[in-house]
Structure formats: C-alpha cells, structure tokens
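The following exercises concern the packing of helices and the pairing of charged side chains. Please study the sequence and the structure before working through the solutions.

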Amino acid sequence: MEEKIFLRNYIMSYDKIMNMLYTLLCTNKRKLEKRCIGKTTFNYSIDCYKIGKGNNHVLLYGTTHGCELVSTYFILEMLISLLKLEQESKIIKDYTFHLIPILNPEGYIISSSNVLANISTNSLNNIEEIERISSKYLEVYNRDDEIVLSGKKVPKNFYVILKSSIFNIKDSKLARSVFNILKNCNLNESVLSVWSANGVGVDPNSNSINCFKEIVELRRKQKFAALRYNDIPVTKPSPMSYPGVGTFCNCPENYVLYNYIKGLYSMNYNKLNEDKLVAIFSYHSTGGEIYGFPTEKCMDSKKEELYKCGMDKYKEATGYKIIFPETKYGVMDFYRDSLDNVLALTIELSKLNANPIGPFSDIEELNKEIINNKNAIVNTLNLISNK
C-alpha cells in the first residue's frame with residue numbers, strides 16, 4: 001500500500017463526511033458499494049462500504065464512541081487508500097473489505113459539532129490551528145489526570161478549552177435528548193465534546209452481549225467514569241460508559257453490528273463457496289494499544305496461535321502495546337470468544353491521550369501512525385491468510 005496520506009481534512013462534520021462519501025461512490029461506481037445496514041434511534045443511517053474482489057472478507061469499523069474522531073478519520077483514509085489501488089493489485093484480488101466509518105453517528109454528531117464550533121470556518125483545513133488547540137487541550141487534559149490521581153476532586157480545567165453548547169447540535173430531537181441526559185446527570189454542556197454514548201445515553205461498547213450482568217455490576221461499583229471523568233455517572237443514561245438495561249436495548253448500533261458480523265461469519269460455514277470472514281479490526285482512539293486474546297474458557301491452541309501471531313504482526317508495524325485486561329466484558333470480547341478462525345482485534349489509535357482532539361496535536365506524527373496502521377492491516381492479513 002502506498003506510503004501516503006490522501007485525506008487532509010482531519011476533523012469533519014457529519015454532513016461533510018456524508019457528502020464526501022457520496023462523491024466517492026459516484027466517482028468509483030465499479031469499485032465501491034454502499035449498504036445501509038441499519039438505523040439509529042434518531043434515524044441516522046449506519047452505512048457499510050465494500051471494496052475488493054477477494055474471498056477473504058475483512059471488517060473495519062470506527063467511532064464506537066462518539067468522541068473518538070480520529071478513528072473515523074482513519075477508516076476514511078483507509079477507504080480512500082484502497083480506492084487508489086489498481087483493480088489487479090494483490091490486496092484487491094485477495095480481500096473484500098467492509099468499512100463502517102461511523103458506527104455511532106449520534107455520538108459523532110454530538111462531539112464533532114462542538115469541536116468544530118471552536119475552529120474558525122475559514123481554517124478547517126488549517127493544520128497549525130488544529131495543532132495549537134489540540135496541544136493546549138492535551139496538556140490541560142493530562143494535568144487534570146495528575147490532579148485526580150493525587151486524590152483531589154476539583155473542577156476539570158480541560159472542559160474550558162473547548163466551548164460547548166447544546167445549540168451546536170442542529171438536530172432538535174437529538175439535542176433535546178442530550179439536554180435531558182445532562183439534566184438527569186447533573187452535568188453541564190462542557191461534557192459534550194467528550195460524548196461517547198449514543199443519543200439516548202447508552203455506550204455501545206459497554207452494552208455487552210455475553211457478560212451484561214457482569215458489566216452492570218462493575219458499573220454499579222464504579223459509580224462514576226475514570227480519572228478526569230470522575231464527575232460523569234455510569235449507572236444511568238449518560239455521556240459515557242452506561243451499558244443500558246439489557247443487551248441491544250436502546251442500542252441499535254450494537255444490534256446492527258451484531259447482525260452484520262453474523263451475516264459475514266455465516267459464509268465460513270457455507271460449503272457452496274470459498275468466501276469467509278478472516279478478520280475484524282475495531283478502531284478506537286488514544287493510547288496506541290492492541291487488545292486481543294479470547295477468555296481462557298474459549299481458547300484453544302489454534303486460536304492462541306492466531307491471536308499471538310496477529311497481534312505481534314500488528315505491533316511490529318505500529319509499535320503499539322499489547323494489552324491483557326483483567327475484565328473482558330466489551331463487545332469485541334464477545335466476538336473474540338465466539339468466532340473461530342477469525343482474528344478480532346481492538347486497536348487504540350494514536351499514542352497520544354485526550355479525546356476528542358489530543359491525537360491531532362501533532363499531525364506529522366499522526367500521519368506516520370496512520371500509514372503504519374494501514375501497513376499493519378495488510379501485513380497482518382497476509383500473515384494469517386497464509387497460515
């Protein structure tokens with residue numbers, strides 16, 4: 001894959017992304033397919049874009065959490081990079097890619113509309129301005145974490161860097177829902193830029209499929225989110241981490257993803273053709289980390305080798321740290337446990353901290369990471385496909 005960055009619009013509104021994707025569809029009719037795979041509570045389309053001719057199918061998706069803007073940027077950049085390849089290239093011939101740029105459109109709209117309100121309209125492509133605001137945000141954000149770790153509970157300074165308002169959300173029904181959630185959580189508008197949940201306050205990643213009781217109990221014990229978010233409750237509809245009242249309940253994003261993956265995985269048992277799902281890459285942001293490995297009860301020697309080889313190969317290209325969490329209650333943990341012969345990795349993009357804009361504080365370094373991640377996907381796929 002070409003060692004180049006094609007997309008220079010690093011932070012875009014939801015509408016601008018939709019317009020860009022429409023243009024890509026119109027200009028690449030023979031290469032690119034779009035499918036609406038479901039709708040959100042407020043009727044936003046969750047779209048998947050398919051490119052490639054191969055029997056080996058790969059799913060990539062971003063923005064499980066609304067404020068993880070860099071994950072959407074990466075999926076869009078990956079899509080454009082694939083479109084730039086010749087139709088006879090090995091990647092296009094061997095693989096079919098399914099890309100979901102925004103799994104959580106409502107959360108993306110809430111966060112990005114408030115971020116963009118802090119960047120002047122005439123300089124949305126001005127890298128220097130984006131870096132300046134993001135660097136200041138990153139510095140204050142990290143300092144707030146240090147204060148929290150020292151045991152002090154004081155007002156957070158990072159909230160004042162990005163000015164936020166309900167009125168930045170143009171969808172009146174979505175804005176009303178957000179207003180009610182803030183009121184019920186006793187929070188003000190300053191948290192809007194870090195909004196992770198969907199529009200009704202359910203976190204798609206916490207809406208566990210196979211460990212729902214466990215994650216509800218974990219949230220009951222935590223009461224509030226971690227570190228600089230220790231004023232945000234996690235036991236009721238909230239800007240982040242609330243799992244809901246049941247699997248898939250008020251979380252169509254999770255249900256849509258589940259059905260799509262189920263459909264792809266069914267190919268693995270269709271003896272009439274050679275198509276099969278080989279990998280899922282779920283992109284989040286901040287930390288530069290790789291999450292893999294199923295739980296011990298679902299592990300066998302074949303699965304262990306697949307995940308060890310896959311994670312090591314991804315790490316080789318990115319330098320990201322492989323993480324072994326104590327609890328495995330997230331949505332991707334379910335797919336790691338339940339899917340055989342499929343590598344399902346969760347990738348935390350950017351070695352920098354501070355959603356939603358910390359990763360954009362050094363665009364040159366971010367570009368290098370994006371290129372490394374594109375190469376990591378190809379290298380990892382080639383490795384596991386040859387096993």
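Angles under 35 degrees between two axes count as roughly parallel, and angles over 145 degrees as roughly antiparallel. The model examined here is a predicted one.

**Exercise 1.** Determine whether helices α1 and α2 are roughly parallel or roughly antiparallel to each other, and describe their contact.

*Solution.*
Step 1. Locate the helices: α1 covers residues 14-27 and α2 covers residues 69-84.
Step 2. Consider the geometry: the two pack at an angle of about 10 degrees, and their axes lie 12 Å apart.
Step 3. Apply the cut-off: an angle under 35 degrees counts as roughly parallel, and α1 and α2 are therefore roughly parallel to each other.
Step 4. Add the handedness: the crossing of α1 past α2 is left-handed.
Step 5. Identify the residues that meet: α1 contributes I17, M20, L21 and L24, while α2 contributes T72, L76, L79, I80 and L83.
Step 6. Classify them: eight residues of this contact are nonpolar, one is polar and none is charged.

**Exercise 2.** Which parts of the chain does the salt bridge between D47 and K34 link, and is D47 buried or exposed?

*Solution.*
Step 1. Begin with the total: the structure contains 13 salt bridges.
Step 2. Examine the pair: the side chains of D47 and K34 meet with an N to O distance of 3.8 Å.
Step 3. Place the residues: D47 belongs to strand β2 (residues 45-52) and K34 to strand β1 (residues 32-39), so that the pair, 13 residues apart, links distant parts of the chain.
Step 4. Assess the accessibility: buried means under 20% relative accessible area. D47, at 7%, therefore counts as buried, whereas K34, at 47%, is partly exposed.

**Exercise 3.** In which helix do K308 and D312 both lie, and in which helix do K368 and E365 both lie?

*Solution.*
Step 1. Take K308 and D312: these residues form a salt bridge, their closest N and O atoms being 3.1 Å apart.
Step 2. Find their helix: both lie in α9 (residues 301-318), four residues apart, about one turn of the helix.
Step 3. Note their accessibility: K308 is partly exposed at 47%, and D312 is partly exposed at 34%.
Step 4. Turn to K368 and E365: in this salt bridge the closest N and O atoms are 3.3 Å apart.
Step 5. Find their helix: both lie in α11 (residues 363-385), three residues apart, about one turn of the helix.
Step 6. Note their accessibility: K368 is partly exposed at 43%, and E365 is partly exposed at 38%.

Key. Residues are numbered from 1 along each chain as its sequence is written. This is a predicted model: local features need pLDDT of at least 70, side-chain atom pairs count only at pLDDT 80 or more; totals for chains, interfaces and linings use all residues. Side-chain values use heavy atoms; hydrogens and water are left out. Axes are lines fitted to C-alpha atoms, for helices over the stretch in contact, and angles run from 0 to 180 degrees between N-to-C directions. Angles under 35 degrees count as roughly parallel, over 145 as roughly antiparallel, 65 to 115 as roughly perpendicular and the rest as oblique. A crossing is left-handed if the near helix is turned anticlockwise from the far one by less than a right angle, and right-handed if clockwise. Contact means heavy atoms within 4.5 Å. Ala, Val, Leu, Ile, Met, Phe, Trp, Tyr, Cys and Pro count as nonpolar, Asp, Glu, Lys and Arg as charged, and the others, Gly among them, as polar. A salt bridge is a side-chain nitrogen of Lys or Arg within 4 Å of a carboxyl oxygen of Asp or Glu. Buried means under 20% relative accessible area, exposed over 50%, partly exposed in between (1.4 Å probe, protein chains only).
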